[in-house]
Amino acid sequence: MGRKRIITIVVLVVLIVAALLYFFVDPAHTSWMPRCVILSITGFKCPGCGSQRMIHALMHGDLRLAAHYNAFLLGAIPVIVLYLINDYTSWCPSWLDKTLKHPATIATLAVMMIAWWVLRNIFNW
């Protein structure tokens, strides 16, 4: 068995275990799940705060609650999946590859994330 195949199998097993964990364990009601270091130290929510609870809610089909926990990440999931497909398959056409890797695209995504970070702390989202 080749090295790439072993790595793929290990990654898939880890993802399946993580999915099962987030399906059966609600991070909002456990003390042993990781907490946000930035929130703990500064009292400010980072762009990823609420992502574990969002994943749990999403896995149970509760889009409203998932958006409540982290609306930015919920909206970013299709973009993240598109980047993963583009990087790990040959499915995407070259124009899409160029668009995804274009500095303006990266800058736009970064500005959106920073805006989310600031606005969620101003309005307590």
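A residue is called buried here when its relative accessible area is under 20%. The structure is a predicted model, and this cut-off serves as a guide through several of its positions. C92 has a relative accessibility of 13%, and therefore counts as buried.

C92 leads directly to helix α4, through a residue that it touches. N86 lies in that helix, and C92 is among the residues in contact with N86 once neighbours within four places in sequence are set aside. The other partners of N86 on that basis are D97, L100 and K101. With a relative accessibility of 9%, N86 also falls under the 20% limit and so counts as buried.

Helix α4 spans residues 63-88, and its axis comes within 10 Å of the axis of helix α6, which spans residues 103-122. The two axes cross at roughly 165°. Angles over 145 degrees count as roughly antiparallel, and α4 and α6 are therefore roughly antiparallel to each other. Their crossing is left-handed.

Which residues form the contact between α4 and α6? From α4, the participants are Y69, N70, A71, F72, V79 and Y83. They meet T105, I106, L109, M112, M113, W116 and R120 of α6. By class, the residues of this contact comprise ten nonpolar, two polar and one charged.

The cysteines raise a separate matter. How many disulfides does a search of the whole structure find? The search returns zero. C49 illustrates the result: the nearest cysteine sulfur belongs to C36 and is 3.4 Å away. A disulfide requires a pair of cysteine sulfur atoms within 2.5 Å, and C49 is in no disulfide. C49 has a relative accessibility of 7%, and so counts as buried.

A further position to inspect is Y22, in helix α1, which covers residues 3-24. Is Y22 buried or exposed? Its relative accessibility is 17%, so Y22 counts as buried. Residues up to four places away in sequence being left out, Y22 touches P27, M33, Q52, I55, H56 and M59. One of these partners, I55, is 33 residues from Y22 in sequence, while the C-alpha atoms of Y22 and I55 are 7.0 Å apart in space.

How values were computed. Residues are numbered from 1 along each chain as its sequence is written. This is a predicted model: local features need pLDDT of at least 70, side-chain atom pairs count only at pLDDT 80 or more; totals for chains, interfaces and linings use all residues. Side-chain values use heavy atoms; hydrogens and water are left out. Axes are lines fitted to C-alpha atoms, for helices over the stretch in contact, and angles run from 0 to 180 degrees between N-to-C directions. Helices (H or I, at least four residues) and strands (E, at least two) are DSSP runs, numbered from the N terminus. Angles under 35 degrees count as roughly parallel, over 145 as roughly antiparallel, 65 to 115 as roughly perpendicular and the rest as oblique. A crossing is left-handed if the near helix is turned anticlockwise from the far one by less than a right angle, and right-handed if clockwise. Contact means heavy atoms within 4.5 Å. Ala, Val, Leu, Ile, Met, Phe, Trp, Tyr, Cys and Pro count as nonpolar, Asp, Glu, Lys and Arg as charged, and the others, Gly among them, as polar. Buried means under 20% relative accessible area, exposed over 50%, partly exposed in between (1.4 Å probe, protein chains only).
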